[in-house]
Amino acid sequence: MIRAAITGIGAYIPEDVLTNAEMATIVDTTDEWIMSRVGIKERHVLKGENKGTSTMGAEAVKMVLKKTNTKPEEVEVIIFATTTPDYIFPSTAAMTAEACGIKNALGFDIQAACSGFIYALEIGSNFIKSGKYKKVIIVAGDKMTSITNYKDRTTCPLFGDAAGAVLLEPTTEEVGVMDSILHIDGVGIPHLHMHGGGSVHPASHETVDKGMHYVYQEGQVVFKHAVSKMADVSVEIMERNHLTKDTVNWLVPHQANIRIIEAVGNRMGLPAEKVMINIQKYGNTSAGTIPVCLYEWESKLKKGDNLILTAFGGGFTWGALYLKWAY
Ligand code: UT7
């Protein structure tokens with residue numbers, strides 16, 4: 001049986017840092033509130049003219065190509081998961097392919113909000129399983145600061161910018177993408193969205209005046225759904241793969257709120273040492289959070305480790321993916 005294994009990982013985190021102390025000069029907030037309610041100390045911001053999500057994605061892809069000794073022309077598929085594309089079109093995948101010299105691939109963007117990386121991993125894994133494709137790049141990331149309203153204290157401390165990329169290759173060993181459970185439910189539409197700039201409300205003076213090009217989030221409603229859905233689906237994927245708290249090596253959760261992450265880890269019965277947490281440094285980078293975690297923990301991961309990746313985001317979209325680390 002052919003499975004898709006992650007054979008390398010790269011990431012890009014922009015240099016500029018926005019601390020809670022600086023945030024408190026922009027809106028009426030405090031380091032104490034942000035740390036105790038969300039767990040974020042600082043976030044990184046992509047600055048500079050003409051820089052977008054693909055700027056970060058391309059750096060992450062170049063890193064993974066270099067680390068795996070892969071030539072850009074060998075890449076057959078490039079899938080970019082993002083909610084903050086460079087443009088409506090062409091795709092961020094096209095922008096990234098151009099920046100990396102990827103000339104022989106098919107490519108496209110997918111939009112599953114904060115669940116983008118696990119959605120794209122499932123899609124890429126099936127390209128590999130088909131037997132037709134042998135080198136698939138998954139890139140995921142967001143320039144969340146481009147859609148953040150720095151006059152809204154309920155959302156602006158939450159978000160930052162980052163991207164990560166992995167190479168998927170076929171394997172016949174018992175490693176790679178083992179299972180996934182993914183969901184979408186439009187019940188989330190009123191609670192988490194950005195309504196400006198699409199085909200219903202194209203950009204106009206009115207959409208700008210009404211702040212429709214920013215993330216709108218009803219935090220408490222999203223929080224409740226995130227905790228229950230991520231925990232349910234993570235426990236479900238453990239049970240159906242006969243995994244226990246002892247045989248799961250790592251939980252790799254989307255980083256939106258430290259309290260959500262802890263609640264999910266507790267429901268799975270996992271000790272804190274098995275849970276990847278870096279929200280304090282980067283905040284919520286949407287599709288970027290999970291690949292950036294994998295990148296930062298890469299040196300600690302061992303071949304055969306059982307990882308549960310789980311995310312929740314706008315739509316609502318959510319899910320869990322069982323990955324056996326391949327190197
Ligand atoms: O990644 C995609 C999915 N997104 C998520 O998973 C996010 C889920 N939601 C959350 O993480 C949390 O709901 C937030 C972090 C967004 C908010 O935390 P909360 O504990 O739910 O706060 P709240 O909205 O219930 O607000 C509590 C209080 C309110 O004041 P009152 O009404 O109690 O007087 C807010 O006005 O905190 C106030 N508040 C703030 N105070 C200081 C809200 N934002 C701030 C702030 N600084 N930045």
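**Exercise 1. Characterise the second largest pocket of this predicted model.**

*Solution.* The second largest pocket holds about 170 Å³ of space. A pocket here is an open set of points on a 1 Å grid over the protein atoms alone, where a 1.4 Å probe fits, with protein on both sides within 12 Å along at least five of seven lines; lining residues have an atom within 4 Å of a point. The volume is the space filled by probe spheres set on the points, which are joined across faces, edges and corners. Of the 13 lining residues, His-193, Gly-211, Tyr-214, Val-215 and Tyr-216 are closest to the centre. Domain 1 (3–173) and domain 2 (178–324), with bounds from an automatic or database assignment, each contribute at least three residues to this lining.

Residues are numbered from 1 along each chain as its sequence is written. Local features need pLDDT of at least 70 and side-chain atom pairs pLDDT 80 or more, while totals for chains, interfaces and linings use all residues; side-chain values use heavy atoms, without hydrogens and water.

**Exercise 2. Determine where the ligand lies and which residues approach it.**

*Solution.* Begin with the shell: 22 residues surround the ligand (a heavy atom within 4 Å), and among the nearest are Arg-37, Gln-220 and Asn-284. Next, take the distances from a polar side-chain atom to a ligand oxygen atom: 2.7 Å for Arg-37, 2.4 Å for Gln-220 and 2.7 Å for Asn-284. Finally, because both domain 1 and domain 2 give residues to the shell, the ligand lies between them.

Definitions and conventions:
A polar contact is a pair of N or O atoms within 3.5 Å; within protein, one must be able to donate a hydrogen and the other to accept it, and residues adjacent in sequence count only if both atoms are side-chain atoms.
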